[in-house]
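Biologist: Please take a close look at one part of this model, the second chain, and tell me how its pieces are set against each other and against the neighbouring chain. I would also like some context from the rest of the assembly, and a word on any unusual backbone geometry.

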Amino acid sequence: MSVQSMEDIIREHSFFKGLQERYVKLLAGCASNVRFNAGEYIFKEGGRADKFYLIKSGKVSIEIYSPERGSIIIQTLGEGDVLGWSWLYPPYRWHFDARALELTRAIALDAECLRRKCEEDKEFGYELLKRFSQIIIQRLQSARLQLLDVYGHASRE
Amino acid sequence: MAMLQESEPLEGTLLPEPFIVSKVRRETRDTFTLEMEPLNGGEKHFTPGQFNMIYVYGVGEVPISISGDPVEPSILKHTVRAVGTVTRAITSVKRGGMLGVRGPFGSGWPLKEAEGYDVVVVAGGLGLAPLRPAILHLLRNRERYGRVAILYGARTPMDMLYKKELERWRARFDIDLDVTVDHATGGWKGNVGVVTTLIPGLKIDVPNTVALVCGPEIMMRFTVRELNKLGIPDERIYISMERNMKCAVGFCGHCQFGPQFICRDGPVFRYDVIRPFFQVREV
Amino acid sequence: MGKLNIGDKVILSPQGLQQLIKTLWEEGYTVIGPRLGDGAIVYGEVRSIEDLPEGWGDEQEAGRYRLRRRGDKALFGYNLGPDSWKRFLHPPRILLWKAEKTPKGFRITHNGHEAPRYAFLGVRACELHAIRIQDKVFLQGRYKDPIYMSRRANTLIITVNCTEAGRTCFCASMGTGPKAHEGFDISLTEVTGDEHYFLAEVGSERGSEILERIEYRAAARDEVSEAEERVSRAAESMGRSLQTEGLKELLYQNYEHPRWDEVAERCLTCGNCTLVCPTCFCTTVEEVTSLDGGSSERWRVWDSCFSLQFSYIHGGSVRASPKSRYRQWLTHKLATWQDQFGEIGCVGCGRCITWCPVGIDITEEVKAIRENAVKKV
């Protein structure tokens, strides 16, 4: 296994594809390697959204807890996916739980550091927002599709 | 009344052949896989993607895609979901019972054309049933294809077809199988989310990929969009369509979809061929 | 006179026509022709010229049909009624097969169908085109319909050219009439007046053989030209027309035209147009089971794309709105039919206009779409 620099990892990640080199450097400055064991919570609903993650390997579930049904998995994310966007919008609190379903390695990006840089460099902020809004749209669309229950049958016969 | 010509027998295309149900396996709550053998012996050769008209005595007839192995033409396999009068009757037939079969009819998956290409199979719900013969063909002739990826989305883990077979496929190193459910239940440890969410993560050579898609129409629309986003053009995406069918040979008019007769020109279509009509409502 | 060749023209008197009918019956044909019935001209068995609607004509408009006395002795002086020949070649209801219950399942006990030997008397040019269109549907694809095939093969066709056009006729613009050019065994043109005669043209060997068995005389040049004159007058007095140029593209590009909503407000989705249409071929199947379940029959019956059931797939109907069903019918007839069978599926007979209870006019609908098309064709 070759050792990649943080900048390489960010540059090659599909989420940051085509990003200007100076922003790659900027991001790398706020990034760190993290790992979560199977079953470990990455964040919990209501907690401070102070990070987001680029998943390198493993599987993460986004869950919501209900007293009667326990933890309900809404979606799972894996290699190449971006985890977390609540850090971008006030009040910067997580809306769901995130839990590693298996050993998961990721890059964590520090939210406060990034928010500050976004404010300082509006162009960078816009670039980041554009990319995150893509993710948000995708999640919204697939959530809607999930709600449709397309494989179920209306049984109108 | 004037003189009548001698009575002429109907051709095989309009007359069902008797088949005996040799095995029934419950797939899910309301879906069963039936194995049938011709009462009078013989074989029913078919192309993956084709369908038969299945007749239940005293009830009626419906089109059902073939789910068997194309190299085993002596056993007919159909996976049937009990959703209407006829399909409920089919799924109530026990071992030893009789069903009528007309077919096979329609077009198949482009397995010859896809040789040398990477192949992505995207199935949703019962849509895995008509793709199963194609998957078996891909696995049997693995060397003729590039990378093979199978994405399967089901409603819940309980609604998945061919579970044991999926396990065997997953264990193979020469294909990538990814399964996801819309709603996780029980101790499900796999993916949760609609099948389209698996598409961006496909490890394939995009310019050299053919996609085979089958599932509910909404799922197919979103799948095509996601495959397009990845860079696979409509010309290399094939989908299998479903419409009301009575005759299966282009006479009854029910299955028309724009200029196409789904029974005769389909059910498998290259997406760009039917795209103009796929985008119009109530065609 | 020697043997008649294809293309030869001779004169029959009304008595000659009587002999023709008689000969056809003797040859084993069931002669089907126009008769008066249910306040309209309908097709039924004709055993003599007495059965033909002598002196009857009709008045037609969108949503209106009335018989009227002509004041002459014309036997074919009417325009088209609600019946078409598809009733005989592609019957409204036909038994496909029967089965009986056995301990193991079922057994087919009846597999076959009677193929009558019909002689159609009084087929109009547009109707002959309609038959040839249905030939393509049932005989010229990958699969052949055995029922249609045997009926069609047995059928002898005697056309009668139109010498008057109806108010809802538009065959001239569809290129299907009013004169039959080919595909008949015998073609007649009726001339009434001081002398009542039929100009007969031989269209096939079979037609020639039949004519040889009856009395005819040579046609004088002015008799031929008089008959032709009357047919071309019919072409000029056509009540309606439909512009066929670019029709397929026009309709393909106008699936979302607002006119569909307007016509849907009037359309009752009754399906009359599909029943009277000589080319509409859609069917469904019915399973008819005896009370004790001991035997079961499969019947094929005419169906209509105007019913909700027609497009039903588990969960609902694909064409739920009246708009989509009218659009399917018209677009199929005039546009998708061209991709399916290489020609337009409408022959301009005008029946759908006359027999629509609210008088929807296919030619008007096309005109409206054309005038306000998304893309001009």
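Modeller: **Chain B and its surroundings**

The secondary structure of chain A, which serves here as context, comes to 4 helices and 8 strands, and from the N terminus on these elements run α-α-β-β-β-β-β-β-β-β-α-α. It should be said at the outset that this is a predicted model, and that every value below is computed from its atoms. The C-alpha trace of chain A spans about 60 × 30 × 30 Å along its principal axes, and of its 157 residues 44% count as buried. Among the contacts in chain A with a separation of 6 or more, 74% come from residues 24 or more positions apart.

Two backbone details of chain A deserve a note before we turn to chain B. The peptide bond from Pro90(A) to Pro91(A) is cis, with omega near 5 degrees, and Pro91(A) sits in the loop between β6 (82-83) and β7 (97-100) of chain A. Asp149(A), although not a glycine, has a positive phi of about 55 degrees; Asp149(A) belongs to the segment after α4 (122-148) of chain A. Because its relative accessibility is 23%, Asp149(A) counts as partly exposed.

Now to chain B itself, where the domain assignment gives domain 1 (17-105) and domain 2 (118-240). The C-alpha centres of domain 1 of chain B and domain 2 of chain B lie 24 Å apart, and the contact between them takes 18 residues from domain 1 and 14 residues from domain 2. Putting these two domains together buries about 1,300 Å², and carbon and sulfur atoms give 54% of that area.

As for the specific interactions across this domain interface, the rule finds 1 salt bridge. Arg140(B) forms a salt bridge with Asp69(B), and the closest N and O atoms of this pair are 2.8 Å apart. Between domain 1 of chain B and domain 2 of chain B there are also 7 residue pairs in polar contact, with both residues at pLDDT 80 or more. On the side of domain 1 of chain B that touches domain 2 of chain B, the elements giving two or more residues are β2 (31-38) and β5 (76-81) of chain B, and β5(B) gives the most, with 3 residues. By class, the residues on that side of domain 1 of chain B divide into 5 nonpolar, 8 polar and 5 charged.

The second surface to consider is the one that chain B shares with chain C. Here 49 residues of chain B are in contact with 67 residues of chain C, and the area buried between the two chains is about 4,900 Å², of which carbon and sulfur atoms give 58%. On the chain B side, Tyr57(B), Phe251(B) and Glu282(B) lose the most area to chain C, and together they make up 17% of what that side buries.

Turning to the polar part of the same interface, the rule finds 1 salt bridge between chain B and chain C. In a salt bridge of 3.6 Å, N to O, the side chain of Glu61(B) meets that of Arg298(C). The count of residue pairs in polar contact between chain B and chain C is 25, again with both residues at pLDDT 80 or more. The elements that give two or more residues to the side of chain B that touches chain C are β3 (51-56), β4 (60-65) and β6 (98-105) of chain B; β6(B) gives the most, with 5 residues. That side of chain B has, by class, 26 nonpolar, 14 polar and 9 charged residues.

Two points of backbone geometry in chain B complete the picture. The peptide bond from Gly266(B) to Pro267(B) is cis, with omega near 5 degrees, and Pro267(B) lies in the loop between α5 (262-265) and β15 (268-270) of chain B. Ala248(B), a residue other than glycine, has a positive phi near 75 degrees, and its place is in the loop between β12 (237-240) and β13 (256-257) of chain B. Since the relative accessibility of Ala248(B) is 1%, this residue counts as buried.

Technical notes: Residues are numbered from 1 along each chain as its sequence is written. Chains are lettered from A and ligands numbered from 1 in the order in which they are written. This is a predicted model: local features need pLDDT of at least 70, side-chain atom pairs count only at pLDDT 80 or more; totals for chains, interfaces and linings use all residues. Side-chain values use heavy atoms; hydrogens and water are left out. Domain bounds come from an automatic or database domain assignment. Contact means heavy atoms within 4.5 Å. Buried area is the accessible area (1.4 Å probe) that two parts lose on being put together, summed over both. A salt bridge is a side-chain nitrogen of Lys or Arg within 4 Å of a carboxyl oxygen of Asp or Glu. A polar contact is a pair of N or O atoms within 3.5 Å; within protein, one must be able to donate a hydrogen and the other to accept it, and residues adjacent in sequence count only if both atoms are side-chain atoms. Ala, Val, Leu, Ile, Met, Phe, Trp, Tyr, Cys and Pro count as nonpolar, Asp, Glu, Lys and Arg as charged, and the others, Gly among them, as polar. Buried means under 20% relative accessible area, exposed over 50%, partly exposed in between (1.4 Å probe, protein chains only).
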